[in-house]
Structure formats: structure tokens, C-alpha cells
Amino acid sequence: MAENSGFLTGIGQSQTGVRLGRHPLLLTLDAIREALDDAGLTIADIDGISTYPGRLAAPPGFSPVGSEDLIDALRMKVRWYAGGMETSSQLGALVAAGAAVTGGLARHVLCFRTVYESTGLSQPDEYPAGTHDRVDGRAQWTAPFDALSPANWVAQYAMRHVHRFGLKREQLAQIAINAHANALCNPRAAIAAPLTLDAYLESRMISDPLCLYDCDRYTDASTVLIVSAGDALGEVRCRPVRIAASSYVSDRHSWDQSDWMAAYATGADLWKRTDYRPHDVDTVQLYDGFSFLVLTWLEGLGFCARGEGGPFVEGGTRIARDGDLPLNTFGGQLGAGRLHGFGFAHEAVVQLRGLGGARQIAGDPKVAIATSGGGPLATALLLTSEL
């Protein structure tokens, strides 16, 4: 066992749903209790916190809980904590936690992501949208082109796949159809519902070629994962999952976009950090804020060549739970609800422990990949139950 590796130990998740109305701090505390119970730890054992992106006032409900909220609410005594928007994407918080425990800055780091967008947007008095009299920051590179949503940015790359590589909507649809099918087997899915190819093709277009079902949906939820040091595993009672490798790449936010999304460089870099190879992977939990992002991860991680993502998922059999490469077995954000990145790492641990219930993949999975982002920001984790 690699004593200097970071390990995912306790995992927890609150109730998930649309407009739950339960305060976001309470959702976070629910997930923390479950993760602590899973790990067999108490809050006194936690000496680190890591989150993305920290507490933000806007957009409404996007990130209503930060590290300092937990320190105050739980009277925590931590030696290290971090949270901020300027990182490699959501799962960058787990990478930071891994660095903290391997560097001796903490022994057990509580990592969390809480979203409250479905309720926040329905309560403008309590969660007002930000107003600006000028455009600055990242928006200065996109808003002047009326590209106000990530759907617009992702659609550019998707349309290139349509024109250059022959991507078909029927192929892209398989990602959403698979997500909805898996969500039906997930009792915590917020928006589980069956999806047919006809319903997908008949849905309204959001940003060509992305339709309604290519976009995730706002939910309320909190997800927690505890990252522990290798020499602290004797303190936990759950089956740990090792962070065998991690990688991330950040690019500039601009309408004048890079040739290839950050998922490609991140995926290639991941394999430089491990002896595992794509054929060793038993399941992939790939960020699907938009369905096309899944294709970029499949290509970037080397499961198929650039431009071949469409044929790779065609028909849906390869990515099904009983397929060669089970994808987003909990339903992803397209089928289960927008957990904003952390849900993918949570599900990877569930699958590697064999605790997926009706959605558990067959056999004894030992290696999984979880990702977040993929556009200008991208993070990939290679996780294994082999210690």
C-alpha cells in the first residue's frame, strides 16, 4: 500500500431534489453526518476542509456555503482549509486535499460541494441575481458576443464535430438516454425520468447542436468526500479508495477559444502519472454538464481517437451499465441532477466498493475515472480499490 497516497474514505450525500427549500447549510450538514458515519470518524478527527468555489453571492444558489460557514457551525478546529473559484474545476478541491494530506498539512480533509440553484432562482429576494453596470472578469471575453451561457461555448466545439467528424444527433443522444436510464436505478436521483430517442430529437434546441436534453438541470444537494492520509487509514472503518493519479489543465476563458478543450490535455497528462492504462478502467464517471463534454473526455482520455466519440457511443451499448465501459452509472447530471462535479467522484467510490445496488456494474470493479469540467477547466482523478 502506498502510504504517501491520498485516499477517499467517508462519502456522504444529502437529499437531492428540485426546489427542496431545505437550507443549504442543513443539506451540507446532512451530507457531512453521512460521510463521518461512513468513515467511522467524528468532526473532531477532521483537521482540513477543501471546497469549490467557496461561498459566492451570485449566481443565485450557485455556492451558498463556504469553509468558514462549516468552521463556525460545527466549531471545527482545522489546520488547513481552502476554497476558491480560481482552480482547475470542481474536483480540483480533491486534488488540493490530496496534496494537503500527502504533505502532512492534514490527516482527514472534508471536501464538499453544495448547490442550491433550483431554490435560489425561485427566491430572488433571498438570493438576488448580481447586477453590473459593466462587464469584467471572464464575462468580458464572452458577453460582448452574446455568449451568456456555457451552452454557447460548448456548442461551438460540438458543431465542429458535426462538420469535421460527422457527429450525428442520434449519437449524441445516447449519452443523455444512458444517463436517464441509469438515474431510474438511483433512489437519490432528483429528476429521474425515462428518455427516448424520439423525445430527444423532438426537444427544443438550446444552442445548435445542443438541445434541451443535452443540458443538465439545476438541483439542490450537497456531496461530501473525505480525503485521508495513508498513515491515517487505521482510524477509519470504511473501505478506502486510493487516488492513484490526478491531473488538471486550465486554459483561458475566451470566445476566441482554444483549438481543443482542456479535457484533451488533462486526459493525456493523466496517463503519464500512472502505470494504469485505459483498458484497465472498469467504469467512467465523466462530467456531463452538457452531453458533448462526455465525448471530449472519452476522446481526451484515449478511449477513442479524436473525432471518433460519436461512433464510440453510437447505439448506447458500449456505455451502458452492462457495456464495455459503463458511463455515469448514477445518472450523471443529465439524468440525476446537477451536483456540479462532486457526484462523479462519489459514484466512483460507490461502484468501487460494490455498493451501487440496482445500478451496480457486474464483476468486481477495481479502477474508475472521475472528471469535472472539460472546457477551459478540467480535472481528472484515477481511483482504485487496489491499495
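## Aromatic pairs

In this predicted model, four aromatic pairs are counted. A pair of aromatic rings is described by the distance of the centres and the angle of the planes.

One of the pairs joins Trp260 and Tyr264. Their ring centres lie 4.9 Å apart and their planes meet at 65°. The pair is edge-to-face, because an angle over 60 degrees is counted that way. Trp260 is partly exposed, with a relative accessibility of 21%. Tyr264 has a relative accessible area of 5%, and it is buried because the limit for that label is under 20%.

## Phe330 and Phe344

Phe330 and Phe344 also form an edge-to-face pair, at 5.5 Å centre to centre and with 80° between the planes. Phe330 is in the loop between α10 (309-313) and α11 (332-336), while Phe344 belongs to helix α12 (residues 342-353). The pair therefore ties together parts that are 14 residues apart in sequence.

Phe330 and Phe344 are both buried. Together with Tyr287, Phe330 and Phe344 make up one aromatic cluster.

## Charges over rings

Trp260, already described as a partner of Tyr264, also has a charged residue over its ring. Arg306 lies over the face of Trp260, 4.5 Å from the ring centre.

A second arginine is placed over a phenylalanine ring: the charged end of Arg113 sits over Phe62, at 4.8 Å from the centre of that ring.

Terms used:
Residues are numbered from 1 along each chain as its sequence is written. This is a predicted model: local features need pLDDT of at least 70, side-chain atom pairs count only at pLDDT 80 or more; totals for chains, interfaces and linings use all residues. Side-chain values use heavy atoms; hydrogens and water are left out. Rings of Phe, Tyr and Trp (its six-membered ring) pair if their centres lie within 6.5 Å; planes under 30 degrees apart count as stacked, over 60 as edge-to-face and the rest as tilted. Buried means under 20% relative accessible area, exposed over 50%, partly exposed in between (1.4 Å probe, protein chains only). Helices (H or I, at least four residues) and strands (E, at least two) are DSSP runs, numbered from the N terminus. A charge sits over a ring if NZ of Lys or CZ of Arg is within 6 Å of the ring centre and within 35 degrees of the ring normal.
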